[in-house]
Amino acid sequence: MTKTILITGASSGLGAEMARQFAALGHDLALCARRLDRLEELRAEITAAHPGRRVEVRELDVTDDDAVAAVFADLAATLGHLDRVIVNAGLGKGAPLGTGKHHANRQTAVTNFLGALAQTDAALEVFRAQHAGHLVMISSMAAMRGMPGATATYAATKAGVAHLAEGVRADVHGTPIKVTVLYPGFIASEMNDGTGGNPPMLVSTEKGVRAMVAAIEKEKDSACVPPLPWAPLSVVMKHAPMPLFRKLV
């Protein structure tokens, strides 16, 4: 069955690849990001490959609460409904706390958490009016435990959005509204370009997103993606003694 899927942060990386893979599965798309030119290019690529697909694009800064609400409502009205909203837009900036780089940590916190909060609020307003919908929150394996160094704020935001989605799940339990939280491991994307070499267990964008799309299509409550090695590693990350944990990260 064709679904209408809204994806934020869709101009590159995981968001753009999700758009390609969902279109290949026969779904229509509503794509949002700050870089409208990149969205236009992606729309042209997708419609050329899949002429039957409908692709709407909108410029959106997820830190603008009013814009998020307006764009989500506009897309729901334009497309008739939104079956699924994927809260994907985010930043990976950061610096160790106490090193004078508060601006970078704050920007990440505002985008990743307050931006996700605005998106979740807007999505739920649409879903409640429709009496149905599927909220997908893109968290991170970094959310499994507080992280040291430059990743500390990023990890905290990703833990925050995971708990936000869990709260929504409790709130809508017993209704046709579904909630999925994904915890991606190391997947190649624009966010981790230029980080000084590839991290261990890095998979290609296409392979990593394929695992994400599979979990989303199954409407899983939560999933570490790709499942191997990240599902078993999630247990290690949560419970390893601090000396061992520091070596792992």
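Helices here are DSSP runs of H or I with at least four residues, numbered from the N terminus. With that settled, I looked up leucine 244 and found it in helix 8, residues 242–248. I'm working on a predicted model throughout.

**Surface patch**

I stayed with leucine 244 for a bit. Its relative accessibility is 42%, so I have it down as partly exposed, since that class runs between 20% and 50%. Together with Val236, Leu248 and Val249, Leu244 makes a nonpolar surface patch of about 310 Å².

**The sheet**

Next I went through the strands. I get an open sheet of seven, in the order 3-2-1-4-5-6-7, and the pairing is parallel. Which strands stand at the edges? They are strand 3 (55–59) and strand 7 (222–225); each has a single partner strand, so one side of each has no neighbour in the sheet. I also noted the turn between neighbouring strands: 15 degrees on average, direction ignored.

I picked one pair to check by residue. Strand 4 (residues 84–87) runs parallel with strand 5 (residues 133–138) over four bridges. Isoleucine 86 has valine 136 of strand 5 as its bridge partner.

Then I checked helix 2 (residues 36–49), which packs on the sheet and touches strand 2 (28–33) and strand 3. Its direction makes about 175 degrees with that of strand 3.

**Salt bridges**

I count 12 salt bridges in the structure. I looked at three of them one by one.

Still in helix 2, arginine 43 bridges to glutamate 40, with the closest N and O atoms 2.6 Å apart. The two lie three residues apart in that helix, about one turn. I have arginine 43 as partly exposed at 24% relative accessible area, and glutamate 40 is partly exposed too, at 34%.

Aspartate 171 and arginine 128 meet at 2.8 Å, N to O. Aspartate 171 is in helix 5 (residues 152–172) and arginine 128 in helix 4 (residues 102–130), so this pair ties together parts that are 43 residues apart in sequence. Aspartate 171 is exposed at 53%, while arginine 128 is partly exposed at 44%.

Also in helix 5, arginine 169 pairs with glutamate 166, and here the closest N and O atoms are 2.4 Å apart. These two are again three residues apart, about one turn of the helix. Is arginine 169 buried or exposed? I get 17% relative accessible area, so it goes down as buried, because the cut-off is under 20%. Its partner glutamate 166 is partly exposed at 35%.

Last note: Arg54, Glu56, Arg58 and Asp74 are joined into one network by salt bridges that share partners.

How values were computed
Residues numbered from 1 in each chain as written. Predicted model: local features only at pLDDT ≥ 70, side-chain atom pairs only at ≥ 80, totals over all residues. Heavy atoms only, no water. Patch = residues over 30% accessible without salt bridge, like charges linked within 9 Å, V, L, I, M, F, W, Y side chains within 5 Å. Areas by Shrake-Rupley, 256 points an atom, 1.4 Å probe, with all protein chains shown as cover. Salt bridge = Lys/Arg side-chain N within 4 Å of Asp/Glu carboxyl O. Buried < 20%, exposed > 50% of the residue type's maximum accessible area, 1.4 Å probe, protein only. Pairing = 2+ DSSP bridges. Axes fitted to C-alpha atoms, helices over the stretch in contact; angles between N-to-C directions. Contact = heavy atoms within 4.5 Å.
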